[in-house]
Amino acid sequence: MPKAIRIHETGGPEVLTWEDIEVGDPGEGQVRIRQVASGLNFIDCYQRSGLYPMELPTTLGSEGAGVVEAIGTGVDKFTVGQRVTYAGGERGSYAEARIMPASAVIALPDNVDDHTAAAMMLKGMTVHMLMFKCHAIQAGETILVHAAAGGVGTIMCQWANYLGATVIGTVGTDEKAQKARANGCHHTINYTTENFTEKVLDITNGKGVPVVYDSIGKNTFEGSLDSLQNFGDMVTFGNASGPVPPVEPLLLMQKGSVTLSRPTLMNYTTDLSQRDTAANALFHVVGNGHVKIEIGQTFPLSETADAHRALESRQTTGSTVLTI
């Protein structure tokens with residue numbers, strides 16, 4: 001019987017349990033996937049902690065890669081034995097096997113391996129959403145990326161650099177600053193020892209940046225607003241330091257008539273043509289070597305609790321993969 005990481009209550013990593021699950025056969029329009037790898041993301045921690053309420057019990061995990069092992073009626077898009085990947089749809093990648101709607105699954109090209117796919121799909125398509133939908137990056141722009149050595153940050157710095165942007169990235173340690181620079185970050189700021197807003201204004205000769213991509217949340221929100229130029233875009237997409245407090249619209253005017261968005265990949269990938277565009281763009285930049293996916297660490301799926309602890313304590317770099 002296959003196993004999965006499940007939660008029956010919200011809380012710390014200790015609520016993650018390793019247990020048997022029933023999978024069964026795929027129904028109409030469905031496929032059963034034998035999982036090879038699952039990606040680990042901060043959204044998993046937010047869901048586990050109760051920050052993002054869910055119906056319990058549930059299996060966590062928002063991205064993965066594997067092999068189609070059974071096909072339901074009405075599915076002609078895939079074949080048994082085909083390698084596939086997915087991200088941003090139904091939870092459940094923390095499992096050895098699962099059933100999914102065929103419409104939620106994407107064929108995996110030969111030049112992207114399973115672990116790389118599990119490490120990049122949610123983060124990479126999130127980067128596409130941030131850089132092409134929330135604020136369309138133009139060549140010559142200078143942008144600010146928080147957590148530049150993290151999973152999303154390492155992809156974004158490389159991709160933005162490929163698009164011709166100058167990237168300012170914040171990090172928490174000197175070691176992470178080196179990693180960020182190796183991934184296309186032109187200027188690094190250690191936010192534990194430097195005032196990142198002052199440094200951004202210094203780098204931009206007092207003008208500020210047209211966009212800030214902020215996955216840190218509470219601790220960086222105000223400074224991020226102060227780093228923007230007039231009519232800049234503040235894109236907050238994570239809560240690593242806690243959720244951002246309520247914002248009065250008048251504050252956005254006072255900070256320079258800036259805009260504020262709070263996107264999520266789940267809304268982006270609801271449009272399947274938009275999802276496929278993002279996935280194909282990601283396959284292109286990774287397959288052609290413009291973006292290299294760093295898997296900083298792996299954990300067996302049964303040790304997911306340890307992986308959550310490492311992620312939440314900022315002990316990880318790049319992407320984390322749960323191996324199955």
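In the predicted model, Asn 239 touches Tyr 46, Leu 51, Tyr 52, Ser 215, Ile 216, Gly 217, Val 244 and Arg 262, when residues up to four places away in sequence are not counted. Asn 239 lies in the loop that runs between strand β13 (228–236) and helix α7 (249–254). Because its relative accessibility is 9%, and the cut-off for burial is under 20%, Asn 239 counts as buried. Among the residues that Asn 239 touches is Tyr 52, and here the two side chains make a polar contact at 3.1 Å.

Another of the residues touched by Asn 239 is Tyr 46, which is one of the buried residues of helix α1. This helix, spanning residues 42–49, is mostly covered, with 6 of its 8 residues buried; the buried residues are Ile 43, Asp 44, Cys 45, Tyr 46, Gln 47 and Arg 48. The elements against which these buried residues pack are the strands β1 (3–7) and β3 (30–40), together with the helices α8 (265–268) and α10 (304–312). Just after α1, Gly 50 adopts a positive phi of about 100°.

The packing of α1 with α10 was examined further. The axes of the two helices are 10 Å apart and form an angle of about 105°; since angles of 65 to 115 degrees fall in that class, α1 and α10 are roughly perpendicular to each other. On the α1 side the contact is made by Phe 42, Asp 44, Cys 45 and Arg 48, which meet His 308, Leu 311 and Glu 312 of α10. Divided by class, the residues of this contact comprise 3 nonpolar, 1 polar and 3 charged.

A further helix pair is formed by α2 (residues 114–134) and α3 (residues 151–162), which pack at an angle of about 50° with their axes 9 Å apart. This angle makes α2 oblique to α3, and α2 passes α3 in a right-handed crossing. The residues of α2 in this contact are Met 120, Lys 123, Gly 124, Val 127, His 128, Leu 130, Met 131 and Phe 132, and those of α3 that they meet are Gly 151, Val 152, Ile 155, Met 156, Trp 159 and Ala 160. By class, the contact of α2 with α3 contains 10 nonpolar, 3 polar and 1 charged residues. With 3.6 residues to a turn of an α-helix, residues three or four places apart point the same way.

Technical notes:
Residues are numbered from 1 along each chain as its sequence is written. This is a predicted model: local features need pLDDT of at least 70, side-chain atom pairs count only at pLDDT 80 or more; totals for chains, interfaces and linings use all residues. Side-chain values use heavy atoms; hydrogens and water are left out. Axes are lines fitted to C-alpha atoms, for helices over the stretch in contact, and angles run from 0 to 180 degrees between N-to-C directions. Helices (H or I, at least four residues) and strands (E, at least two) are DSSP runs, numbered from the N terminus. Angles under 35 degrees count as roughly parallel, over 145 as roughly antiparallel, 65 to 115 as roughly perpendicular and the rest as oblique. A crossing is left-handed if the near helix is turned anticlockwise from the far one by less than a right angle, and right-handed if clockwise. Contact means heavy atoms within 4.5 Å. Ala, Val, Leu, Ile, Met, Phe, Trp, Tyr, Cys and Pro count as nonpolar, Asp, Glu, Lys and Arg as charged, and the others, Gly among them, as polar. Buried means under 20% relative accessible area, exposed over 50%, partly exposed in between (1.4 Å probe, protein chains only). A polar contact is a pair of N or O atoms within 3.5 Å; within protein, one must be able to donate a hydrogen and the other to accept it, and residues adjacent in sequence count only if both atoms are side-chain atoms.
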